[in-house]
Amino acid sequence: MTLLSRSEVPAAQAQDRAPLQNTDSATAPVSLSQAGLVLRRISHSFSGTPALRDVGFDVGAGQVVALLGPSGCGKSTLLRAIAGLLVPDRGEIFLDGQNLMSIPARKRSIGMVFQNYALFPHLTVAENVAYGLISHRRPRAEVNARVSEMLRLVRLEDYARRLPRELSGGQQQRVAVARALAVSPAALLLDEPFGALDRALRTELQDEFVRMQADVGITTIMVTHDQEEAQTVADTLVVMNAGRVEQVGSPEDIYDRPASLFVNRFMGHANCFSAKVTGAHTAALAAGPTVTSARGFAFRPGSDVILTARPEHVRLVAQNDAGAISAKWVRAAPLAHMLSVDLITPDGTLIKALVNRHDGPRYAPGDAVGILLDTQNLHVFPAASKT
Amino acid sequence: MLRQGGTAFILPMMVMMVLCFLAPLGVLAVASITGPDGQVSLANYRQFLDDSFAVGVLWNTIFLGLKVVAAVTLLGVPIALMYWHAGPRWRTLILIATLLPMLTSNVVRTFAWIVILGRNGPISQSMVELGLSPRPFSLLFTETGLIMALTQIELPLLVLPIIAVLATADRRLVDAAEMLGAARWRCFLTVLLPMMTPAIFAGWVLVFASATTSFVTHSVIGGARLIYMPQFVYREVGILFQWPMAAAISFLLLVSTGAVMIALTLLARHRRLAACA
């Protein structure tokens, strides 16, 4: 995985450099021995509406990558392009060094788990798992052995003769995974694999999938709109928006160093403040106080910017503390040992804060409080970047 | 019978069914087992089954139904597959083209077929022009002609149920088969066909019932030489005035076509096929 190393770069600079680096990765030459999946400059449009624009990134062999983004961001289209179910207008896809573009879906050696699983309703669990093996004309004894092995892997040996509709949602999901893995594909694609399950079951199956993936060690790409799921299951996240890759990185990287305001707001909550840069290390918030950042802002003085702070980087203080933004307490909800607090500033901006439940005084709805931002963990984006 | 007093709402329908369907059927049943001297006897049935010509007509009728079912399937399944692969605009077109024959009166359609099947009709003419036949020929009053006409007339009865199933079918099943290495024929045979099968069976029941009882088409295209059960019954009723005999023949027709239809319906209830529906 060519991860973008920007650990030392302040967020504002990372923002400037991120598109450049993505383009680098999108155009870099592919060596034929490169294992894993390589995507280069993939573009596609549906009757004139662009769905993918110059998408490119690498997935190392054995890695789990989650394509993450709001609905309509192009992540499912990209997955179908990798699968071969859709031929993109432009771009190239390599799997273990082999160019896939002229290879039809059924010969790509890619397993896929569909949303709602797409199990064949008239075939039993065992026949579903055997389907791919029979397509590839494996001998009968090998088919039977492999089917038993796969059913053992997903712990469904006792359900071999059931029809899919006689199984629970979680069992169906496991059959779908077993069916996709039975032919030993070179890569596995998952389209919202846990989306149809209830919360408790989802967590359980996610853990089980992570264990199984580690055992099998297959290169995996998963589409999801659930950032928690992506963070749980994947080593690397690819955040997409409006057909573009916004950022590629590890879950921590993306949470701590978002490359754009979109990523910042999509991954977890971000409190946004309009501000104007007044010096190398200072910016004046539209709400009044001036913020000083030791790291500097990397914007020319006079630039309009948006400062963002995670809820855990917002501190509550007395209203008249120096440098505090005044706000009103709206409500609070306990979250384990933390308290999630909703506040509203005089100009109507909603602020979320996450504070220790046992720290500081308790307020009542309507009370005036002050907000201090943790300047070490602020992110700065140009004001023009909406969403 | 129904929840919350629904019985009152279906009462008119039930009364109508009893008066107009079950009662006449009962009268027919009684008439069929009434001997010439007014006693209960199976003489009418025995007479029919002993008559080799009559039994031949019964078999011919069943075979005609099966042949039409086969022809409609060969033509209808590809049309349904065309619908599956078509875009929204073509889908509408295929649907309208399929429905159109149903909007024409059966008598009018049948007379149109007289023109098409005749000696100077397009079939005969083009075969001659292509050198496939030395001289013009007529398909009128032949079983081939009758099957062609019935096939066109009954086609929507098979295509519409299949289209109804395909319109809501999960396309990802085909994608899944493709991802598992299935080539086109395997995709069709193992995924699309099982998906369509309940609808095909339903269509077969409709086509078979309709093809074996289509009196107008039988008599106009088949003429006097090709006799099928409906005409046989008509002869007993309208010409020979053997009403008890006609009743017995009607019952045999009902039982024999009914057996085929029940068999198909039971087949469609198979665990695996029911899973597709």
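# Exercises on a predicted two-chain model

The C-alpha centres of domain 1 of chain A and domain 2 of chain A lie 33 Å apart. The model is predicted.

## Exercise 1: the domains of chain A

Task: State which residues make up domain 1 and domain 2 of chain A.

Solution. Domain 1 is built from two stretches, 6-109 and 185-262. Domain 2 covers 269-386. Between the C-alpha centres of these two domains of chain A the separation is 33 Å.

## Exercise 2: a sheet in chain A

Task: Give the strand order of the six-stranded open sheet of chain A, then find its edge strands.

Solution. Step one is the order, which reads β6-β7-β8-β3-β9-β10 in chain A. The sheet is open and its pairing is mixed. In general, strands of a sheet pair through backbone hydrogen bonds, either parallel or antiparallel.

Step two is the edges. β6 and β10 (244-249) of chain A each pair on one side only, so they are the edge strands. On average, neighbouring strands of this sheet are turned by 20 degrees against each other, direction ignored.

Step three looks at one pair. Strand β9 (residues 236-241) of chain A pairs with β10(A) in the antiparallel sense, over five bridges. Here A:Asn241 stands opposite A:Arg244 in β10(A).

Step four adds a helix. Helix α5 (residues 169-181) of chain A packs on the sheet and touches β6 and β7 (187-191) of chain A. The direction of α5 makes about 170 degrees with that of β6(A).

## Exercise 3: the contact between the chains

Task: Count the residues that each chain gives to the contact, and sort those of chain A by class.

Solution. Chain A gives 19 residues and chain B gives 19 residues. On the chain A side, β6 (110-113) and α3 (125-135) each supply at least two residues. By class, this side of chain A has 12 nonpolar, five polar and two charged residues.

## Exercise 4: chain B and its annotations

Task: Describe the secondary structure and extent of chain B, then place the recorded features on the chain.

Solution. Chain B has 13 helices and zero strands. Its C-alpha trace spans about 75 × 70 × 30 Å along the principal axes. Of its 277 residues, 32% count as buried. Among contacts in chain B between residues at least 6 apart in sequence, 69% join residues at least 24 apart.

Next come the records. An unreviewed UniProt entry lists "domain: ABC transmembrane type-1" at residues 58-264 of chain B. That span is 79% helix and 0% strand, with its end C-alpha atoms 20 Å apart. UniProt (unreviewed entry) also places "transmembrane region" at residues 56-81, 93-117, 137-166, 187-209 and 245-268 of chain B.

Two of these stretches can be described further. Residues 93-117 of chain B are 76% helix and 0% strand, and their end C-alpha atoms are 27 Å apart. For residues 137-166 of chain B, the helix share is 80%, the strand share is 0%, and the end C-alpha atoms lie 40 Å apart.

## Exercise 5: one residue of chain B

Task: Decide whether B:Ile227 is buried or exposed, and locate its surroundings.

Solution. First, the position: B:Ile227 is in the loop between α10 (215-222) and α11 (229-239) of chain B. Second, the count: 20 other C-beta atoms lie within 10 Å of B:Ile227. The cut-off for a buried residue is 20 or more, so B:Ile227 is buried.

Third, the contacts. Not counting residues up to four places away in sequence, B:Ile227 touches B:Val57 and B:Phe232. Last, a distance: B:Pro122 is 105 residues from B:Ile227 along the chain, and their C-alpha atoms are separated by 26 Å.

Technical notes. Residues are numbered from 1 along each chain as its sequence is written. Chains are lettered from A and ligands numbered from 1 in the order in which they are written. This is a predicted model: local features need pLDDT of at least 70, side-chain atom pairs count only at pLDDT 80 or more; totals for chains, interfaces and linings use all residues. UniProt positions are given in the numbering used here, feature names are shortened, and annotations may be inferred rather than shown by experiment. Helices (H or I, at least four residues) and strands (E, at least two) are DSSP runs, numbered from the N terminus. Two residues are in contact if their C-beta atoms, placed from the backbone, lie within 7 Å. Ala, Val, Leu, Ile, Met, Phe, Trp, Tyr, Cys and Pro count as nonpolar, Asp, Glu, Lys and Arg as charged, and the others, Gly among them, as polar. Two strands pair if DSSP finds at least two bridges between them. Axes are lines fitted to C-alpha atoms, for helices over the stretch in contact, and angles run from 0 to 180 degrees between N-to-C directions. A residue is buried if 20 or more other C-beta atoms lie within 10 Å of its own, exposed if 12 or fewer, and partly exposed in between; C-beta atoms are placed from the backbone. Domain bounds come from an automatic or database domain assignment.
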